[in-house]
Amino acid sequence: MRKRILLIALVFSVWMGSAGFASDASAGTVTRVWLYVNKPQAFVNGKSMMLSSPANVYNGKMYVPVKFLGDTFGFPVNYLAATNTIELTAGKTNVSIDLTTRKTVVDGRPGTLQPTFEISKDGRLMAQLTWIMDRIGAAYAYDPVLNRVEVTYTQWNPELPTSQNSKPVAKFTFGKPSYKMGEKVEYIDLSYDAEGDGIQWVTWKGNREAFYTPGKHQVSLQVTDSKGNVSDVYTRTITIENATLYSPLEFQMRYAKLQSFVSLASADVKRFTEASRMPFAASQDRSRKLLVSDSPENIVEYGSLFRDTVNGKARLYANHINAMNADVQFAIVATNNGREPVTIKTTRQGEVYPSTFINLIGYQASVDFLDGDVKKPDLTVNPGESKAYVYLPKLAKGQGINLIYDVETSGNVTFTFAAMIPNDPMEAAISYRDLPYSGHVRGTFPASGIRMEADASSVTKATGPRKITIGDNVNDPFVMGFDPIRGQTVDNYGNYGVLYNLRVKQPGKAAIVMVARGGIFKGALKIDGKMILAPASGVITALDGVYMLHRTEGSEPYIDIEITPPAGSYFPIDLVWYPLE
């Protein structure tokens, strides 16, 4: 029995007039219908029929004439000439369709004709299969090979007790008679329901992905159909040979789900945390300077958080939390002190506000920044003018923001990061006093990017895993900069706001995992242009495992990794190559 697949919706027209043919079942009547995409031919219980209008696809949904549905599956479809309406009852759902206004009333609730219904080119009323079939309790599946939708509908005999509805049958087999220890076991589900109800739930017991002790092991399966009938338990015995293919660690590296946390024994975790380093060459990208406003991170008074002047390419980075007992209006104000208009173009952005979840705002801002979807329009600032480049909703106490913008200016612009009194004019930000430094990162840095290049051809099973560390200030030094407010040289501790571009040549066949050595981590990477969430939900720690990022095929000349440190996460992190020869 095919599992229901919500891929295609079929609709049936009102004026077909053909009756359905049904087969008897022990507890009711079973009707099986095949409908072909963009063809008028249909089969009802094996008998060929012609639809009055072909089963066409609109906006990715398939629609078929409605009266055919009513006639074939046995529910009423009536046309009322006096009001030019059609009334039908699908299961317990009552529908009235006004063909003049093309409005509907479904169980007393008014609505529109689309998308549940459509009118075909030849004037036939068409309805979605998923909508109608779900209401009458029919099962359906799309066969991509034959390009058809197969529907199975059972009408129960109300005179028979429900106990006469037969139970589904649980059954399975293995891909082969025996497996080695650490070999991935293939389970082939052969369960079925003779009355076409469909298997809705499966319950396995003992179905391990791999076994690590030789001998006989029992595996059981029980299934439940859509009517709630439960099968008998079906049990088979699998034979595990006294030979090893993969260790538990090797198995996880080969088969663990991508973008998932892999729990490991403490001894196996050490193989990653204590892995030897993969040599790499690094260089700073100084084509775009970086302005970082992260001190004071906790805003305790109104004022100027940071300011500096930009001419050309720059990256603006801000990370702050409102620690006041009053609302704060955060803004980045652009001031033109020159004699010509200046245009500010945004080429990349990531912004999250306002939120009380510190890990979330840094994570989502880094995801948006890596995604590269720019929504900010160009901004022109006239001579002597101050305009809001960023003007956020008010931040309540405890709410924070994380912002990253790549900008290009056509001339000198002074950017002021300001914690403003709500409703103050933009010009007020210029006169705010500079707020004191509080120990986090603040300053302008000549480099906003770091390029790394490594060669993984030497990573083999003999050498064991190798790692590249990011953000430890030893193998990956922090970028040095200058705080013009204090007049001091500063470190960008954690390299927040820096975009890393790592190219690894000859990556071989390997699993690439992340070890969150610094503590809690929640961020994102791009590997060969594909977004990798690390993790998609929750956070990563290095206490009891690693995070599976990617597997290489072995034929790639290189892979490219892009990452920017997310606010609220802790560094360093290790990217570890585990060879899969």
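Buried means under 20% relative accessible area, exposed means over 50%, and partly exposed is in between, with a 1.4 Å probe and protein chains only. I start there since the words come up throughout this talk.

What you see above is a predicted model, in which local features need pLDDT of at least 70, side-chain atom pairs count only at pLDDT 80 or more, and totals for chains, interfaces and linings use all residues. Residues are numbered from 1 along each chain as its sequence is written, and side-chain values use heavy atoms, with hydrogens and water left out.

Salt bridges come next. The term here stands for a side-chain nitrogen of Lys or Arg within 4 Å of a carboxyl oxygen of Asp or Glu. How many salt bridges does that rule give? The count is 18. I will go through three pairs.

In one pair, the side chains of D406 and R315 meet, at 2.6 Å from N to O. D406 is in strand β33 (residues 400-409) and R315 is in strand β28 (residues 313-322), so this pair ties together parts that are 91 residues apart in sequence. For the naming, helices (H or I, at least four residues) and strands (E, at least two) are DSSP runs, numbered from the N terminus. Are D406 and R315 buried or exposed? Both are buried.

Another pair is E562 with R348, where the closest N and O atoms are 3.4 Å apart. Strand β45 (residues 558-563) holds E562 and strand β30 (residues 342-355) holds R348, so the parts tied together are 214 residues apart in sequence. E562 counts as buried because its relative accessibility is 15%. R348 counts as buried too, at 16%.

Then there is K505 with E453, a salt bridge of 3.0 Å from N to O. K505 lies in strand β40 (residues 499-505) and E453 in strand β36 (residues 449-455), so the pair ties together parts that are 52 residues apart in sequence. K505 is partly exposed because its relative accessible area is 35%. E453, at 38% relative accessibility, also counts as partly exposed. Going back to R315 and D406, salt bridges that share partners join these two and R288 into one network.

Now the nonpolar cores. A nonpolar core is a set of buried Ala, Val, Leu, Ile, Met, Phe, Trp, Tyr and Cys residues joined through side-chain atoms within 4.5 Å. Which residues have the most contacts inside the largest core? They are V504, M514, F521, L549, L575 and W577, in a core of 48 residues. Take L575 and leave out residues up to four places away in sequence: among the residues that L575 touches are I468, L502, V513, M514, L549 and I561. Contact here means heavy atoms within 4.5 Å. There is also a second, separate core of 37 residues, which includes M62, F75, L125 and V149.

On to helix α3 (248-255). Its buried residues include L249, F251 and M253, along with E250 and R254. What covers them? The cover includes α4 (266-273) and the strands β22, β41 (510-515), β44 and β46 (573-579).

Next, a sheet. Two strands pair if DSSP finds at least two bridges between them. One open sheet has 5 strands in the order β7-β8-β9-β10-β11, paired antiparallel. Its edge strands, β7 (77-80) and β11, each pair on one side only. From one strand to the next, the twist averages 20 degrees. β7 and β8 (residues 85-90) pair over 4 bridges in the antiparallel sense. Within that pairing, N78 has E87 in β8 as its bridge partner.

Last, some backbone details. Most residues other than glycine have a negative phi, and most peptide bonds are trans. Where are the exceptions in this model?

Q259 has a positive phi, near 60 degrees, and its place is the loop between α3 and β22 (260-263). With a relative accessible area of 28%, Q259 is partly exposed. D528 has a positive phi of about 50 degrees and is not a glycine either. D528 is found in the loop between β42 (523-527) and β43, and is partly exposed at 44% relative accessible area.

As for cis peptide bonds, one joins Q114 and P115, with omega about 5 degrees. P115 is in the loop between β11 (109-112) and β12 (117-119). Another joins A534 and P535, with omega about -5 degrees. P535 is in the loop between β43 (530-534) and β44 (545-551).

Notes. Axes are lines fitted to C-alpha atoms, for helices over the stretch in contact, and angles run from 0 to 180 degrees between N-to-C directions.
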